[in-house]
Amino acid sequence: MRMDKNRYRDAVSGIRWTDAQRGKIEEKLRQPAEKPSGAAFEDEDFETYEPPMTTEERRRMEEEMAKQERKLRRMGRMGWAVAAALLIVIGGGVTAAVIHTKKLQQESLHSPESKLGLHLTDQKDSASQGLFARSENGYYILYSGYEYNMGTYTIRNEEGELTEVDAISQTGGRGYPTFYDPETGESAILCARPNCTHDGSTYCTATTKAYSSYYRSDRFPMVYADGYLYTVSTKHSKWTETDYGYEQADPKEDHAVLLRYEPDGSGITELHDFGTGTGGFRPTMHRGYLWFAVQTMSYGETVQNPISGADEAFVNGGYEIWGYELKTGNLVKIYDSESKPDINHVDTAPQYLAGIGDYIYFNTEDGDWASPTGTNRINLLTGEMTQAPDVSLENGFNDNYGLYYDSNMKDYSSSGSWMLVNLETGEAKPLANTQHSTEFAGMPFLSGDYIYWCQFDQGDITTLRIYDLNAETLLDQDVKEFHLPEYPSEWGDVLQVHASLAEVSDGRVYLYRTADLINDKKGIWWSLDRSVYSCAVEELIAGNPEWTKEFELMDSEEAGKKYNELISYAEEHNISSFSQ
Amino acid sequence: MLSKENIALYAFQKYGDTALQAAFCCIGNRADAEDVAQEVFFSLHREPRDFNDDEHLKAWLLRCVINRCKNLHKSIWRRMRVNMDDVPTAALTVHDSSEREVLNLITSLPQPYSEVVYLHDYEGYTIREIANMLDRPENTVSSQLRRGHQKLRMELSEEG
C-alpha cells in the first residue's frame, strides 16, 4: 500500500463526534458557563495565539517599542525603582498563587461528593514500607525466624537408595505476627488461645493454617486502625491434618476473606467472605477506608498435560479492588479487572495499594497482551481509572510525588534512571546522580520529604543515601558510621553485626540491627540479636543521630542456648553441615 | 471582527470535528482526544473572547488543542491506548480496512511529527504558517514534516 496525503486525509476525516456526543456537548455549551475549576493542565495551555502580523502592524509595534525604550532611558534610576516595585507586586502574586493552590488541595481532600458513593475522610495510613503496623501501645511485626531441627532423616544416597542419617535440618521460619511493647520490652505472639504452642495448627490464631496470609507476604499483612487489626487472607476450608503435617487443601476451595482481629489476636471475625480467589494482601488505610485487592479465580475442566503428565486445570482470573468503610462496615468495589473467560491466564492482583489524595494507586506487573503493565490510579471521586503505561511506581509516595525506574529498554541496555514524578501533573524528572549502576543496587523509596536509597552487599546495607525532593544528596554514609550502640555480647565470637533499613515513618528512620554468630565448620550463621533502633531523620542528616532502641525481635539468651545445643549435637553425631 | 453571543457553541459547531481530529492525530487515543477537544470548547465557554475572523478562530483552537496534547504527553497519566478496531463504528466514518490500518499508523506517529503532519497534510497549512502557529523555526517544521512522512511510509511498507 502506498501512503500519500490523500490516503492520510481520507483516514483522518473519519474521526468525528457521534451525534450523541455532539448533542451532549452542544447542550452543555448552551448552558451558562461554569466557574473555572482550577483543574490540572489549565495554567499554560491557553496562551494567546495571534495570527502573524502584517507588515503595517509590525512597523507600528516596532515604533511603539522604540518610544517606550526612549521613555525608560529618560527615567534613569527611577526606572529601577519602578521595576523593583513591579517585582514586589509580581512576587506577591506568586505567593498568593501558591497559597491558593494549597487551599485548592486542602479543599479537594475534604471534597465530600463521590460518584462511587464513598464518604471520604482525612484519615491516612502513616506506614511507608508497611513492614510493621503501629498501635497506640506498640508495634506489630511479622517475625520470620529460621528453625533448626535435630533428628534422623531419610534421604536418597548417591546410589539412589533410601538411607537414614543423623542431620540438622533448617526450615524457613513461620511468620509469627508478634506484638512488641517498647515501654516494657516485652513481646507476644499474636495468639490468645490458652496453652497454645503455636505449632501451625488451626487452634493457633497466629500461625493457623485456616487462614494463610502470613506465608505470602514480606510486608506485615495487617493494618491497625481504630482499635483493631485488619487483614485480607485466604481461607482454606479443606486443610487436613496428617501424621506429617497439614495437607494442602484444594485451591479451588480457597476463598478470600476480610478478617478483623482484636489487638491481642483474639476474636477473629470474618467481616466478608468474597466467595472466590485468594487474599494475602495488606490493606492500605486511606480517607476512612481500608483498600485492598482480592485475587479472583475460576477453574474450568481439568486435563492432563501431555508433557508433564500432571493434571492441570483451565484457570482464569483477575482481581478486584475493594474499600471497607471503617465507620460503617460498608464494602464498595471500585474496580474489577474482569477476567477473560476464554484465556487460560490469571492477571495477578496488585500486592500493594497506595492511597494519595483523591486516588488509589496500584501497579500491574505481569499482565498479558490484554492487560498492559503500568501504574494505575482510580479517582475516588469520579471512579475513573487512568494508567501510566510501562511505569511502575515503587516504594512509597508522599502527597505530591512518587518514584519509578525508567529502564532504557529501547536500546536493550540495563541503563536507566530513577524518576521523580509529580503525581498531580504526571511530569517526571530524573533524580540527579541516581543513574543505575551495578554497585548500587536496590530501590529508593520516598517517605515524607525525603528519598532513601540503600546500597546492598549480599543482602545487607552498607551505605544509605538520603535525597531531598530537589534530588540533592543530603546523606551518603556507610551504616557502620551510624554509631549504633555496641552489641553487649557475652558470647565473644560475634563475627558480624549489620544493619538494614526497616521502615521510615513520621520522620523517623528505623533500622534492624542484627548480630550473627557464624560457624564456618558447620556452615551456619546464627542470629543472637535482632533489634530495631530508630532516630529522627533530621538528626541522621545532621550527623548526630541519637538512636533509641524500639524493641528486640529475639531473646539473645535463648538463642545462644539453642546455638550451643545444635553445635554439640553436630559434634556428637559427626554432622559436617546443616542441611536445609 | 468575529464576535458571537455564544462563541464557544459557534466554534464547536463549525470546528468541533477539526479539534477532535487534531487531538486524535496528536495523542493517538480516541478517549483522550475527546477529553482534550471538548475541554478546549468548555474553556472558551468559561472565558469567551473575540477573534478577527473564522480563520483566526480555527488557528487559535488548533493551537490550544496542540498545547493541551503536549501537556498530556508530558504527563505519564494516560488512558490505555485504544486500538482503532475497538472504537465503535458509530464514532468513525471509515470505509475500508486499509483506512483503519492507516489510522492505526497515524496514531503511532510520535510527537512532534504527528502535529506537523496533521497541520500540513490535513489542514493544508504551509510550513511557514505551521512554524508561526507552533512557534518553531521553519527549518525545524520542514524536517519534522519530512521525517514524519518517512516514518509513515516505512511503517506502511513494513505492514504490508
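A residue counts as buried here when its relative accessible area is under 20%, and as exposed when that area is over 50%. With that yardstick, buried residues make up 57% of the 160 residues in chain B. Keep in mind that what you're looking at is a predicted model.

## The two chains

Let's start with the broad picture. Chain B is built from 7 helices and has 0 strands, so to speak an α-α-α-α-α-α-α run from the N terminus on. Chain A has 6 helices and 32 strands. The table puts some overall values for each chain in one place.

| Chain | Length and buried share | Contacts (separation of 6 or more) made by residues 24 or more positions apart | Exposed area | Carbon and sulfur share of that area |
|---|---|---|---|---|
| Chain A | 580 residues, 42% buried | 51% | about 31500 Å² | 48% |
| Chain B | 160 residues, 57% buried | 69% | about 6700 Å² | 44% |

## What sits inside

In soluble globular proteins, nonpolar side chains tend to be buried together. In this model, the largest nonpolar core has 58 residues, and the ones with the most contacts inside it are A:Y8, B:Y118 and B:L119. Which element gives the most to this core? That's helix α1 of chain B, residues 7-27, with 14 residues. Chain B also feeds the core from two domains: at least three residues come from domain 1 (1-83), and at least three from domain 2 (92-160).

There's a second core too, separate from the big one, with 20 residues. Among its members are A:A499, A:L501, A:L511 and A:V537.

One of those names, A:L511, turns up again around A:S531. A:S531 is in strand β31 of chain A, which covers residues 524-536. Is A:S531 buried or exposed? Its relative accessibility is 0%, so it counts as buried. Setting aside neighbours within four places in sequence, A:S531 is in contact with A:L511, A:Y512, A:R513, A:K549, A:F551, A:E552 and A:L553.

## A spot where the chains touch

Now over to B:H45, which you'll find in helix α2 of chain B (residues 30-46). B:H45 is buried because its relative accessible area is 15%, and the limit for that label is under 20%. What is B:H45 in contact with, beyond its neighbours within four places in sequence? From chain A the partners are A:K28, A:L29, A:Q31, A:P32 and A:A33, and from chain B they are B:N6 and B:A8. Along the chain, B:H45 and B:A11 are 34 residues apart, while their C-alpha atoms are separated by 9.8 Å.

## Strands side by side

Back in chain A, an open sheet of 4 strands has the order β7-β8-β11-β12, with antiparallel pairing. β7 and β12 (269-273) stand at the edges, each with a single partner strand, so one side of each has no neighbour in the sheet. On average, neighbouring strands in this sheet are turned by 30° against each other, direction ignored.

Zoom in on the pairing of β8(A) with β11(A), the latter spanning residues 255-261: these two pair in the antiparallel sense over 7 bridges. Here A:K235 stands opposite A:H255 in β11(A).

Another antiparallel pair to look at is β17 (residues 353-356) and β18 (residues 359-364) of chain A, joined by 4 bridges. In β18(A), A:I360 is the bridge partner of A:G355. The hairpin these strands form has 2 residues between the strands, and A:G357 takes a positive phi near 55° there.

## Two loop residues with positive phi

A:D226 isn't a glycine, yet it has a positive phi of about 50°. You'll find A:D226 in the loop between β7 (223-225) and β8 (228-235) of chain A, two of the strands in the open sheet.

A:R287 also has a positive phi in a residue other than glycine, with a value near 55°. A:R287 is in the loop between β13 (284-286) and β14 (289-304) of chain A.

How do these loop residues fare for cover? A:D226 has 52% relative accessibility, so it counts as exposed. A:R287 is buried, because its relative accessible area is 0%.

Conventions
Residues numbered from 1 in each chain as written. Chains lettered and ligands numbered in written order. Predicted model: local features only at pLDDT ≥ 70, side-chain atom pairs only at ≥ 80, totals over all residues. Heavy atoms only, no water. Core = buried A, V, L, I, M, F, W, Y, C linked by side-chain atoms within 4.5 Å. Buried < 20%, exposed > 50% of the residue type's maximum accessible area, 1.4 Å probe, protein only. Domains from an automatic or database assignment. Contact = heavy atoms within 4.5 Å. Areas by Shrake-Rupley, 256 points an atom, 1.4 Å probe, with all protein chains shown as cover. Pairing = 2+ DSSP bridges. Axes fitted to C-alpha atoms, helices over the stretch in contact; angles between N-to-C directions.
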